[in-house]
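Visitor: I have a model here that I would like to go through with you. Could you walk me around it, one feature at a time?

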Amino acid sequence: MVQRRLPTFFQAVCIGITLIAVIILIAVFLGLILFSSPEALIASFLSDEIWYAIKLSIITAVISTLICLIIAVPIAYSMTRFSFFGKQWVNVLLNLPLSLPPLVAGVALLIFLSPVTSPVGQFFTGLGIYVVYTPMAIIIAQVFVNAPYMVRIARSTFAMISPRYEHVARTLGCSEFGAFQKITLPMAKNGLIGGIIITWSKAMGEFGAVLMLAGAIAMKTETLPIALFLNMSTGDLDMAIAAALILLIISGTALILFEYFGKDVGDVYA
Amino acid sequence: MLEIDALSIQLGEFSFTDLNLNVKEGEYCIILGPTGAGKTILLETIAGIHYPKNGRILLNGKDITNTPPESRGIGMVYQDYMLFPHMTVAENIGFGLKERGVPKPERDAAVQKIAATFGISHLLERHPKTLSGGEQQRTAIARSLLLRPSVLLLDEPLSALDTITRERLRDELKAIHKETGMTILHITHHFEDIYALADRVVVMRDGGIVQEGTPDMIMRHPVSNFIANFTGMDNIFTGHAVMTQAGIVEIHIGTMIIRAVTELTGQVHAGVRSEDMIISSEPFTSSAQNSFTGVVTQIIDIGAYSKIVVDTGIILTAVLTRQSIQRLGITAGTSVWITFKATSVHVFRE
């Protein structure tokens, strides 16, 4: 028989704090879920505004995630496989947006792209392309804030794959790109899928940078987080909570999916 | 056939300068050297993975220094197999032919033929993860052989395997070399490989070649400490091995019998490192399977350690620290027990 001992004081404190945190988390989320009546929630879910926000969020997040992937894969590959002058500074620069408040990124982007303040903005306006305060601005803001996350995940994925796989593939007749595409990329598949899920779910919830660059224009640049913000400020609690609940479900699902694909990332192909 | 001419390479912290090496057509060349000597980088440079800073590599008289690896016709096998995990064994082996655009029916036939020679036909539909080490290495060797490379580079191909699998695969490599007449460069840490396989041995250290010659020459007249330590085989015998149970033999050397873990039988050589010998004044009972009593004939001082030569009917040499010698009270003429494990006996055939 296994004798059960009482936990020590230290163990009891650690477990106790964990337990309290779990209870608080459950209480907070339940509060959000149960606040509105089901009828009011369903009405909100079916409203044009929430539908528009869902559609706009999904479309912009899908596009920005694809762009992140296309940018991140070559960057992550060069950072893991090649050595070049100033690599550690490039590394710092690439990671900077991770610790930067999205609001700051948004302001910087606004100044860089606005036709009022920047020649770049004027150049685009001259071509008839209006970036600021449009859905395109949402995509740009999401890419700018999220690409570093995708780079990080892609980097750790590539770092786990020994370059010797590519070496062998080369001796078997592959070109450099062929070895990358036929060997490394398929081996990195699950890691990259995990990165796509996280990036997409972050893009769905991106607020600060989007607010700065795309503004909070109802039914125009109104993504789910913007809808939440606008309806809170006008006191439409049911609408705001509907948007919040959708974001909550997306985060939860993304986390579960990431765990599922992430478990394979642990297979080290070193 | 393969000429390496004044080759210099700089890779991060590592570099070698002015390396020269000539490998003859059909030669089995073994490269020895301590970790960090640059053996793998040398092989990878020959394969075309790294480009040298200076010098030339010639293959059959043709300068291939700037030829990309895919056009060199040089095969490479690593210690840890590097089988593509997202492909079956058949897809792995056929990968090179597929890259060359060989149509599927032809490819499949070639894969099946080579799989049969390596005894892995039954594994073709499996994924590499589910194979044993020996099966994985057979697959990796088959994969590179299928393209009939003019040079095959082997980077410690047997190191990750258990003793018995290593012996079998070593025999297979020998047979392949004999049949195909392929030029092979093979990095190893196992001195049995030298006797069993090498036509010529090249010793590397700190990015340079310190000695080359026939196995016999290298083993008998080592110029570097590394070789002496590496061979460390003061105890080499010739005897007749008889299998007593699966994987265990008794080697009869005159009237003495040494037990060893191997599948080789008949006339064999057996080597034991002097560091693997245990000296005691009382009979030593343990799982170690070889224990003899004898008289110390000589104590040779070699710095911090001393070599103890014991006559047990055959001459055995052990290494002890000075403290141990004092503690055991050993002088010439003392009777001692000398013990070593069956797994410490390295059995090989010439």
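**A walk through the two chains**

Guide: Gladly, and let us start at one residue: B:Ser159 lies in the loop between strand E7 (151-155) and helix H5 (163-180) of chain B. This is a predicted model, in which local features need pLDDT of at least 70, side-chain atom pairs count only at pLDDT 80 or more, and totals for chains, interfaces and linings use all residues. Residues are numbered from 1 along each chain as its sequence is written, chains are lettered from A and ligands numbered from 1 in the order in which they are written, and side-chain values use heavy atoms, with hydrogens and water left out.

Visitor: With which side chain does the side chain of B:Ser159 make a polar contact?

Guide: A polar contact is a pair of N or O atoms within 3.5 Å; within protein, one must be able to donate a hydrogen and the other to accept it, and residues adjacent in sequence count only if both atoms are side-chain atoms. Leaving out residues up to four places away in sequence, B:Ser159 touches B:Gln79 and B:His190, where contact means heavy atoms within 4.5 Å. The polar contact of the B:Ser159 side chain, at 2.8 Å, is with the side chain of B:Glu156.

Visitor: E7 belongs to a sheet of chain B; which strands stand at its edges?

Guide: Helices (H or I, at least four residues) and strands (E, at least two) are DSSP runs, numbered from the N terminus, and two strands pair if DSSP finds at least two bridges between them. The open sheet has 6 strands in the order E6-E7-E8-E3-E9-E10 (chain B), with mixed pairing. Each edge strand has a single partner strand, so one side of each is left without a neighbour in the sheet: these are strand E6 (74-77) and strand E10 (208-213) of chain B.

Visitor: Which residue is the bridge partner of B:Leu152 in E8(B)?

Guide: E7(B) pairs with strand E8 (residues 183-187) of chain B in the parallel sense, over 5 bridges. Within that pairing, the partner of B:Leu152 is B:Ile184.

Visitor: At what angle to E7(B) does helix H1 of chain B run?

Guide: Axes are lines fitted to C-alpha atoms, for helices over the stretch in contact, and angles run from 0 to 180 degrees between N-to-C directions. Helix H1 (residues 39-47) lies across strand E3 (28-32), E6, E7, E8 and strand E9 (200-205) of chain B. Its angle to E7(B) is about 155 degrees.

Visitor: Chain B also has an open sheet of 5 strands. Which residue of E19(B) stands opposite B:Ile279?

Guide: The order of this sheet is E15-E19-E16-E17-E18 (chain B), with antiparallel pairing. E15(B) is joined to strand E19 (residues 335-340) of chain B by 3 bridges. In E19(B), B:Phe292 has B:Ile338 as its bridge partner, and the residue opposite B:Ile279 is likewise B:Ile338.

Visitor: Which residue in the turn between E16(B) and E17(B) has a positive phi?

Guide: Strand E16 (residues 290-302) and strand E17 (residues 305-311) of chain B pair in the antiparallel sense over 7 bridges, and B:Val296 stands opposite B:Val310. The two strands form a hairpin with 2 residues between them. The residue with a positive phi, of about 80 degrees, is B:Gly303.

Visitor: Over to chain A: how many helices and strands does its secondary structure come to?

Guide: The C-alpha trace of chain A spans about 80 × 65 × 30 Å along its principal axes. Its secondary structure comes to 13 helices and 0 strands.

Visitor: How do H5(A) and H7(A) lie to each other, and why?

Guide: Helix H5 (residues 102-113) and helix H7 (residues 135-159) of chain A pack at about 130 degrees, with their axes 10 Å apart. Angles under 35 degrees count as roughly parallel, over 145 as roughly antiparallel, 65 to 115 as roughly perpendicular and the rest as oblique. Therefore H5(A) is, relative to H7(A), oblique.

Visitor: Which residues of H8(A) and H9(A) meet?

Guide: Helix H8 (residues 164-171) and helix H9 (residues 176-187) of chain A pack at an angle of about 135 degrees, with their axes 9 Å apart. They are therefore oblique to each other. On the H8(A) side are A:Tyr165, A:Glu166, A:Ala169 and A:Arg170, and they meet, in H9(A), A:Glu176, A:Ala179, A:Ile183, A:Thr184 and A:Met187.
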